[in-house]
Amino acid sequence: MSLTERDQNNTVQDHYRSRSGLKAHFIDRTDPVVYAAEPTAAPISEKLVQQYDEQGFIILEDLFSAREVAGFQQELDRLRHDEEIKASGETITEPDSGDVRSIFRIHEISPLFKKLAADARLAGLAQYLLDDQVYIHQSRLNYKPGFRGKEFYWHSDFETWHVEDGMPAMRALSMSITLTANDESNGPLLLIPGSQRKYVVCEGHTPAEHFRSSLKKQEYGVPSDECLSHLAEQGGIVTATGKPGSVILFDCNIMHGSNGNITPFPRSNAFFVYNALSNRVVDPFCDQAPRPEYICTRRQIKPLTVQQSGNNHG
Ligand code: 6CS
Ligand code: FE
């Protein structure tokens with residue numbers, strides 16, 4: 001497990017400088033996408049590992065049983081109506097309607113989602129792809145409610161996690177578990193295949209307490225129109241759809257976003273962000289204070305103990 005490289009003053013180098021007043025441009029990625037050494041040891045097919053390496057994402061259909069999905073959906077509703085969670089100051093609401101948009105730290109506040117985060121079907125796969133022990137950098141429920149669920153503009157998660165959370169390298173990935181149907185119409189995740197290999201340097205400077213606005217509507221750490229057009233012309237745009245109980249697994253640096261949801265059907269997903277233990281966050285690579293613990297695990301970094309899934313198919 002290679003620890004993040006440090007220079008002679010024991011500080012971590014910023015290989016992915018962004019929002020530092022430079023014009024928008026690309027930097028080639030210097031980190032692998034797949035860190036795993038042994039293709040044969042993969043918990044998924046070699047073909048899927050190769051597809052993830054090349055495209056930056058894969059979709060695993062029907063990973064969870066109908067009974068498991070029903071449990072997740074019950075928990076989704078329970079948390080949404082929990083008054084303590086609403087009053088915690090950690091719940092993000094939609095800018096106009098006030099509907100719940102995101103609830104963070106579900107791997108800590110929900111016993112069911114805590115168990116899910118460590119499930120071998122997720123954490124075991126993350127350990128393999130990142131070739132290291134893993135911990136949860138961030139977890140959240142994105143409700144994307146019906147009628148008025150707003151978009152998530154195009155971004156690279158890593159650009160935010162590097163600049164604002166101090167994540168040194170691209171050795172992290174997200175697993176989005178579909179809790180309701182994600183179809184073409186209700187604001188599914190849009191991804192640009194292959195874009196994980198280019199780091200988009202963003203313009204501007206990170207404002208203080210940026211998370212108070214960025215989680216509702218992100219305006220810093222977004223690609224320029226030119227950079228986005230270049231990536232989309234090169235890789236195209238794919239819509240990640242899936243029935244409830246599927247998993248969309250995507251690299252920390254792939255360019256992605258999602259449109260608003262004006263249908264009556266919520267597009268609700270649970271997200272777990274797995275970061276390699278050797279890639280634990282350091283000080284932010286911007287001149288702002290670190291983001292709060294509910295958005296970025298910093299003080300409670302604990303490697304996950306992977307639990308074999310007692311998946312009760314039924
Ligand atoms: O700022 C963040 O960490 C969050 N923002 C987005 C739009 N995606 C990643 C993450 O949830
Ligand atoms: Fe994102």
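Strands here are DSSP runs of E spanning at least two residues, and helices are runs of H or I spanning at least four, both numbered from the N terminus. The model shown in every view is predicted.

**The loop between β7 and β8, with Asp183.** Asp183 sits in the loop that joins β7 (172-178) to β8 (189-191). Its relative accessibility is 31%. Buried would need under 20% and exposed over 50%, so Asp183 counts as partly exposed. Glu108 serves as a distant reference point. The C-alpha atoms of Asp183 and Glu108 are 29 Å apart. Along the chain, 75 residues separate Asp183 from Glu108.

**The whole chain, for orientation.** The chain has nine helices and 13 strands. Its C-alpha atoms fill a box of roughly 55 × 50 × 40 Å along the principal axes. The radius of gyration is 18 Å. For 314 residues, a compact globule would come out near 20 Å, so the chain agrees with that expectation. Of the 314 residues, 55% are buried.

**The iron ion (ligand 2) and its protein donors.** His155 and His256 each coordinate the iron ion (ligand 2) through NE2. Asp157 coordinates through OD. The distances run from 2.1 to 2.3 Å. Four donor atoms surround the iron ion (ligand 2), with angles of 81 to 172° among them. Tetrahedral would require all angles between 85 and 135 degrees; the site is classed as irregular.

**The donor residues of the iron ion (ligand 2) in sequence and in strands.** The donor spacing reads H-x1-D-x98-H. His155 belongs to strand β6 (residues 152-156), and His256 belongs to strand β12 (residues 255-258). The pair therefore ties together parts that lie 101 residues apart in sequence. Both His155 and His256 are buried.

**Ligand 1 and the residues around it.** The surrounding residues include Phe152, Thr160, Trp161, Leu215 and Gln218. Asp157 and Arg140 are also among them. Gln138 places a side-chain N or O atom 2.8 Å from an oxygen atom of ligand 1. Arg291 has a polar side-chain atom 2.8 Å from an oxygen atom of ligand 1. At His155, a polar side-chain atom lies 3.2 Å from a nitrogen atom of ligand 1. How much of ligand 1 does the protein bury? Taken alone, ligand 1 exposes 300 Å², and the protein buries 95% of that. His155 links this view to the metal view: His155 is around ligand 1 and also coordinates the iron ion (ligand 2).

**Strand β5 at Asn142.** Asn142 is part of strand β5 (residues 134-142). Its relative accessibility is 3%, so Asn142 counts as buried. Its side chain makes a polar contact with the side chain of Ser102, at 2.7 Å.

**The loop between β5 and β6, with two positive phi values.** Lys144 is found in this loop, and Phe147 is too. Phi of Lys144 is near 35°. Phi of Phe147 is near 70°. Each value is positive in a residue other than glycine. Are Lys144 and Phe147 buried or partly exposed? Lys144 is buried, with a relative accessible area of 1%. Phe147 is partly exposed, with a relative accessible area of 48%.

Note on methods:
Residues numbered from 1 in each chain as written. Chains lettered and ligands numbered in written order. Predicted model: local features only at pLDDT ≥ 70, side-chain atom pairs only at ≥ 80, totals over all residues. Heavy atoms only, no water. Donors = N, O, S within 2.8 Å, 3.2 Å for Na, K, Ca; no water. Tetrahedral: all angles 85-135°; square planar, octahedral: opposite > 155°, others 65-115°. Buried < 20%, exposed > 50% of the residue type's maximum accessible area, 1.4 Å probe, protein only. Near = heavy atom within 4 Å. Polar contact = N/O pair within 3.5 Å; in protein donor to acceptor, adjacent residues only side chain to side chain. Areas by Shrake-Rupley, 256 points an atom, 1.4 Å probe, with all protein chains shown as cover. Rg over C-alpha atoms; globule rule 2.2 N^0.38 Å.
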